[in-house]
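Hi there,

Here is the structure I promised to pass on to you. Have a look at it first, and then read my notes below.

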Amino acid sequence: MDKILKIRHLMPNADVHVFTSVDESTDQREFNTYKSAGCHVHTDEDKTWASHAVLDAWAHIARADFVILSRSSFGHVPAMLNTNCVIYQEYWNAPMDGWIWAENSDKGSSNLFDMAAFNRCVGRIARPSWGIMR
């Protein structure tokens, strides 16, 4: 959520989508933080829709202005296709050149974030409708 807040600081009306997989052990209350912040939470709950859910998620990730990758391989391939701003949290798949490094926000982390790289990326992709000067 901390990385979403960094984006929303610049663009309060950013349209945020969260994609996640759920199973019978998932406590869906954990998504309330995102929902209360106005994020759209997408799950693969409906197994008849699951294959479409993957394609929908990957299409969003590949084309989004900002992608915040979790420490999972799921979004890595579509993020490789994204030419905008990709925020990467270290895990076993290496980041591509130009991705913005961010420490995961697990307990005990210092929650570091490469703000300079983030600002450069925002400047590179800024749209006139954002009201951000390049």
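Before we start on the sheet, one definition will help: two strands count as paired if DSSP finds at least two bridges between them. In general, strands of a sheet pair through backbone hydrogen bonds, either parallel or antiparallel. Please also keep in mind that what you are looking at is a predicted model.

**The sheet**

With that in hand, take strand S4 (residues 85-89): S3 pairs with S4 in the parallel sense, over three bridges. These two belong to an open sheet of three strands, ordered S3-S4-S5, and the pairing is parallel. Which strands lie at the edges? They are S3 (66-68) and S5 (100-102), each of which pairs on one side only. From one strand to the next, the twist averages 20°. If you would like a spot to zoom in on, find Phe66, which stands opposite Cys85 in S4.

**Two helices on the sheet**

Helix H1 packs on the sheet and touches S3, S4 and S5. The direction of H1 makes about 165° with that of S3. Helix H5 also packs on the sheet, again touching S3, S4 and S5, and the direction of H5 makes about 160° with that of S4.

The two helices meet each other as well. The axes of H1 (residues 2-10) and H5 (residues 115-125) come within 12 Å and cross at roughly 45°. Why are they called oblique? An angle under 35 degrees would count as roughly parallel, and one of 65 to 115 as roughly perpendicular, so H1 and H5 are oblique to each other. Their crossing is right-handed.

Which residues make this contact? From H1 come Lys6, Ile7 and Leu10, and from H5 come Met115, Phe118 and Val122. Sorted by type, the residues in the contact of H1 with H5 are five nonpolar, no polar and one charged.

**The disulfide**

Remember Cys85? Cys85 forms a disulfide with Cys121, and their sulfur atoms are 1.9 Å apart. The count for the model comes to one disulfide. The angle about the S-S bond is -110°, and the link between Cys85 and Cys121 is left-handed. Cys85 sits in strand S4 and Cys121 in helix H5, so this pair ties together parts that are 36 residues apart in sequence.

Happy exploring, and write back whenever you like!

Best wishes

Conventions
Residues numbered from 1 in each chain as written. Predicted model: local features only at pLDDT ≥ 70, side-chain atom pairs only at ≥ 80, totals over all residues. Heavy atoms only, no water. Axes fitted to C-alpha atoms, helices over the stretch in contact; angles between N-to-C directions. Helix = DSSP H or I, 4+ residues; strand = E, 2+ residues; numbered from the N terminus. Parallel < 35°, antiparallel > 145°, perpendicular 65-115°, else oblique. Left-handed = near helix turned anticlockwise from the far one by under 90°. Contact = heavy atoms within 4.5 Å. Nonpolar A, V, L, I, M, F, W, Y, C, P; charged D, E, K, R; others polar. Disulfide = S-S within 2.5 Å.
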